[in-house]
Amino acid sequence: EVAGAIFDLMEKFAGYGFNKSHSAAYALVSYQTAWLKRHFPAEFMAAVLSSEMHNTDKVVVLIEECRHMKLPLVLPDVNTSEFRFTVNGRGEVVYGLGAIKGIGEGPVESLVAAREADGPFRDLFDFCRRTDPRKVNKRALEALIRSGALDGLGASRPVLTAAMGEALKAAEQQARNLDVGLLDMFADTAAPAAAAVYADFAQAPAWSARERLRGEKETLGLYVTGHPIDDHEQEISQFIRTRIVQLRADQEPQRIVGLVGGMRTMKSKRGEDIAFVQLDDRTARIEVTLFSDVYRSCREHVVKDNFLVVEGVVSLDDFSGALRMRANEAYTLGEARRRFARELVLQLGAEDFGPDLPEVLGR
């Protein structure tokens, strides 16, 4: 009787708890957002990115959606960016400075106020002189450089990094002079050209593409100007049919490839190691569980920034609502080549043989 009464109450509640007006409201919101995305795509995506700015996993998916929509994405720039994501005059989505790890609202407010007061920053030394060193400190400045936010100040990221110490020292000296009332008699003279400002640091060793991308990953939480997987895109497409963003919960095994972004381990009841690995293939991220037998077979390859090919079953995590994968197999790209390669094609041109080509052809 009690169960029957509870069921009757639930049935009555369903009659008004999930009624037509509720459905109509959601339908209207869906129509409005779809209309905005269709007619104001850049503004719509900038707003959505701003709302998820501190959720890196969501930002990864939204950035990939911008690429899918062919919306240009501009790296953060101290001369054009605001705290949130915005849209510039060319219709490009501009990365928000607030999305840079290690940069809070205080430093952003400081540099935006300086920019609005005296115009764009000319170079790194000018930037350090005009911003509050108590807010835009060495840690914040390094994050700005590695994220690409200072790329517009006339030098490469390695040169900016090499010059950072001197720029901060000059800014601190200027602040001390102002505190005691000393004025620089040359302050109003024309600013030196960027080449002259960075002349002492021009020989700084160049960064590799991988190092540049690592800096973006550490400060923005994702790769923006590229992704390590881009170099393997054509090869991977031969044996991977599903990208991470396309995964769906299914009992049938699915195969993905991704870059190891992080890992944690725990002990099972039997005392065996279980690994939880985060894979990133640019489109999205997913946590993959490697139980002891699978983890044992590939342990030496589960290293940050290594590629891992995983075959397993995808399910929905009831706690977080996110997808997760339980691996049946995990192996490297090298092993994937041995498993899936059908042929080896060699292309040789005349220049590969040199003057001996006639003799080789005669044989």
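1. A quick word on terms before we start: a residue is called buried when its relative accessible area is under 20%, exposed when that area is over 50%, and partly exposed in between, using a 1.4 Å probe and protein chains only. By that rule Arg-243 counts as buried, because its relative accessibility is 17%.

2. Please keep in mind that this is a predicted model, in which local features need pLDDT of at least 70 and side-chain atom pairs count only at pLDDT 80 or more, while totals for chains, interfaces and linings use all residues. Residues are numbered from 1 along each chain as its sequence is written, and side-chain values use heavy atoms, with hydrogens and water left out.

3. Back to Arg-243, which is found in the loop between helix H11 (233-236) and strand S4 (250-267). Helices (H or I, at least four residues) and strands (E, at least two) are DSSP runs, numbered from the N terminus. A polar atom of the Arg-243 side chain lies 2.7 Å from the backbone oxygen of Asp-281. Leaving aside neighbours within four places in sequence, Arg-243 is in contact (heavy atoms within 4.5 Å) with Ile-229, Glu-233, Asp-281, Arg-282 and Thr-283.

4. Phe-83 is a second loop residue to look at, placed between strand S1 (73-74) and strand S2 (86-87). Phe-83 also counts as buried, at 18% relative accessibility. Not counting residues up to four places away in sequence, Phe-83 touches Met-53, Gly-96, Leu-97, Gly-98, Ala-99, Gly-104, Glu-105 and Val-108. The C-alpha atoms of Phe-83 and Val-108 are 6.3 Å apart, with their positions 25 residues apart along the chain.

5. The strands on either side of that loop belong to an open sheet of three strands, in the order S1-S3-S2 and with mixed pairing. S1 and S2 stand at the edges with a single partner strand each, so one side of each has no neighbour in the sheet. Strands pair if DSSP finds at least two bridges between them; S1 and S3 (residues 93-94) run parallel and are joined by two bridges. Val-74 stands opposite Val-94 in S3.

6. Now for the rings. A charge sits over a ring if NZ of Lys or CZ of Arg is within 6 Å of the ring centre and within 35 degrees of the ring normal. The charged end of Arg-264 sits over the ring of Phe-276, 4.3 Å from its centre. Arg-339 lies over the face of Tyr-331, at 3.9 Å from the ring centre.

How values were computed. A polar contact is a pair of N or O atoms within 3.5 Å; within protein, one must be able to donate a hydrogen and the other to accept it, and residues adjacent in sequence count only if both atoms are side-chain atoms.
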